[in-house]
Amino acid sequence: MAASTSGYSGVLFRLRKYANKSQSLCHIGNSNFIIRTTWTTGCKHQHQLNTQIESLPQMVGVVGLEIHAQIHSKSKLFSGSHVSFSDPPNSLVSHFDASLPGTLPVLNRRCVEAAVLTGLALNCTINKKSLFDRKHYFYADMPAGYQITQQRLPIAVNGTLSYSHFEGRKRNHVVTKSVKIKQIQLEQDSGKSLHDDERSQTLIDLNRAGVGLMELVMEPEMCCGEEAGAAVRELQLILQALGTCQANMAEGQLRVDANVSVHHPGEPLGVRTEVKNINSVRHLAKAIDYEIQRQMEVLQSGGTVLNETRAFDSKSGITIPMRDKEGLQDYRFMPEPNLPPLFVYESEASVPAGADSTQLVLIDRLSSQLPELPSVTRTRLVETYGILREHSFTLVNEDGLVDYFESVVKMTKTEPRKVIGWVMNELMGNLNLQNLKVSQSPVSPCALAEMINLVRSGHISSSTAKKVFQEMWKTPEKTVEQIVKEQDLWMINDKEELRQICQRIVDSHSEEVQIIRGGNKKVLNKLMGEIQKETKGKTNPLQVKAILEEMIF
């Protein structure tokens, strides 16, 4: 059906809280709904656990993840409503999104293709037939009272995600591991509840309601926050490379639930807790490590770990109880009656006679569209350019940095391992200092290559080049040669001029000269420093050293 957003623009549905804050009354139209809410605050007597306590050495943490990735699509999963992050509340809501009677879902093919493409990249088996189900539960921001998901037969199963993290004192030893992906399923997102504590009310924004999600369920095979964080970061990069999800956690495009338990190796897994809706990789790692330590402390003191849902408080660094999960919630799953089975086909040859293959999802067609994935890119960078493996991670982690680096390498004859130094230290140093993206760099790859070429040809020194780079950053409209010429930074290559400079330094440092002649050649570095200071770094250290040695000895 055609999307209609009239009648909802700029309106926030209001939920007026009862005075005891245990229930809320929702007024939408002429209907009233009682909403049970759970309010949790950090106990003022609860302090962060002592992370230095001595844990039982034989106990280990076990971590599994459930990740909701918002599909990068122009419209929602089952309606034509536009998808946008910052539009006015309830301005992107169709009749179906608001669950008006008589409205029907129409599946968005782009969302299906995104799920299949993601499954292929993660080595999943793509189910040729998958089913949609209704998962019933009531939240104020889900007006239908159920979510359309894929509980019985998801679109992709049995995948693998390989990820790497750093170990060792210098954090330069790369350890690569993998985690199994149980399934990838398509489902709707809910709306958003905005709590106004001052007015004791909750406002509902349905702009996000019905947005397409891929839920990726990972098996409990990780042991700590660092591993889980590395896995999520690698997944982010894969999704961004595929274009199936922008994966901006700050905007809720990637939301992570962590299932955490501890046990003794060889024994059954312990009781797990679920830490919900973690919105950054850093917070994920902290929440998991805290929760593992908390559970170990509970068991050490003779207590019992509760099966519960918890939230992570990023300010205090602790997890907080939200609700009990001991009682199994009955979601009353049932087949979605308004959606037929979803079929995807291996190739055009497998398409039923009379069907239009251009309107169908073909696995081989999507497989041919797979881009170079992050792990492949890192391996190629190391093998092609001889850079350190840890540098390949930095290049891939920063959006646009691989292209920047390779562009500079193509425009200069300098060794790539020297180019990487300029990219890592000067470029990234300045970008991080000003919180800029690579695409916002005032120094273009061409300008950086031009400067590096001047260093290689001996026209400017490395120390001078660092000053030139900072000037390029401040005045990007000027060329490298303009800056060097205006500030008189050209290297002094005239041998007679160099000899005169060296002679002045030797004559004015007779005491140091005697020490050098006495056998302490380290003092020669002081004289070289004086020359560099006088010439503002415009001399070649090797040339200067040769001249000084000739004069002194």
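**Exercise 1. Find which side chain makes a polar contact with the side chain of N108, and describe where N108 lies.**

Solution. In this predicted model, the side chain of N108 makes a polar contact with the side chain of S73, at 3.1 Å. The next step is to place N108 in the chain, and it belongs to the loop between β4 (60-70) and α1 (109-121). Leaving aside residues up to four places away in sequence, N108 touches S73, S75, K76 and L77. Its relative accessible area is 11%, and because buried means under 20%, N108 counts as buried.

**Exercise 2. Work out what N108 does at the start of α1, and which residue follows α1.**

Solution. Begin at the start of the helix, where a side-chain oxygen of N108 comes to within 2.9 Å of the backbone nitrogen of R110. Then turn to what comes after the helix: α1 is followed by N123, and the phi of N123 is positive, near 60 degrees.

**Exercise 3. Check the span of α1 against its number of residues, and decide whether the helix is largely enclosed or open.**

Solution. The expected span of a helix is 1.5 Å times one less than its number of residues, so the 13 residues of α1 should span 18 Å. The end C-alpha atoms of α1 are 18 Å apart, which agrees with that expectation. For the second part, 10 of the 13 residues of α1 are buried, and therefore the helix is largely enclosed by the rest of the structure. The buried residues are C111, V112, A114, A115, V116, L117, T118, G119, L120 and A121.

**Exercise 4. Determine how many disulfides the structure holds, and explain why C224 is in none.**

Solution. The structure holds 0 disulfides. For C224, the nearest cysteine sulfur is that of C223, 3.9 Å away; because a disulfide needs two cysteine sulfur atoms within 2.5 Å, C224 is in no disulfide. As for exposure, C224 is partly exposed, with a relative accessible area of 22%, and C446 is likewise partly exposed, with a value of 46%.

**Exercise 5. Describe the second largest pocket by its space, its lining and the helix that gives the most to that lining.**

Solution. Start with the space, which is about 1100 Å³. This pocket is lined by 31 residues, and the closest to its centre are Q240, N397, E398, D399 and G400. Turning to the helices, α2 (225-242), α5 (374-385), α6 (389-397), α7 (401-410) and α8 (416-434) each supply at least two residues of the lining. The helix that gives the most is α2, with 5 residues.

Conventions: Residues are numbered from 1 along each chain as its sequence is written. This is a predicted model: local features need pLDDT of at least 70, side-chain atom pairs count only at pLDDT 80 or more; totals for chains, interfaces and linings use all residues. Side-chain values use heavy atoms; hydrogens and water are left out. Buried means under 20% relative accessible area, exposed over 50%, partly exposed in between (1.4 Å probe, protein chains only). Helices (H or I, at least four residues) and strands (E, at least two) are DSSP runs, numbered from the N terminus. A polar contact is a pair of N or O atoms within 3.5 Å; within protein, one must be able to donate a hydrogen and the other to accept it, and residues adjacent in sequence count only if both atoms are side-chain atoms. Contact means heavy atoms within 4.5 Å. On a 1 Å grid over the protein atoms alone, a cavity is a set of points where a 1.4 Å probe fits but cannot get out, and a pocket is an open set with protein on both sides within 12 Å along at least five of seven lines; lining residues have an atom within 4 Å of a point. Grid points are joined across faces, edges and corners, and a volume is the space filled by probe spheres set on the points.
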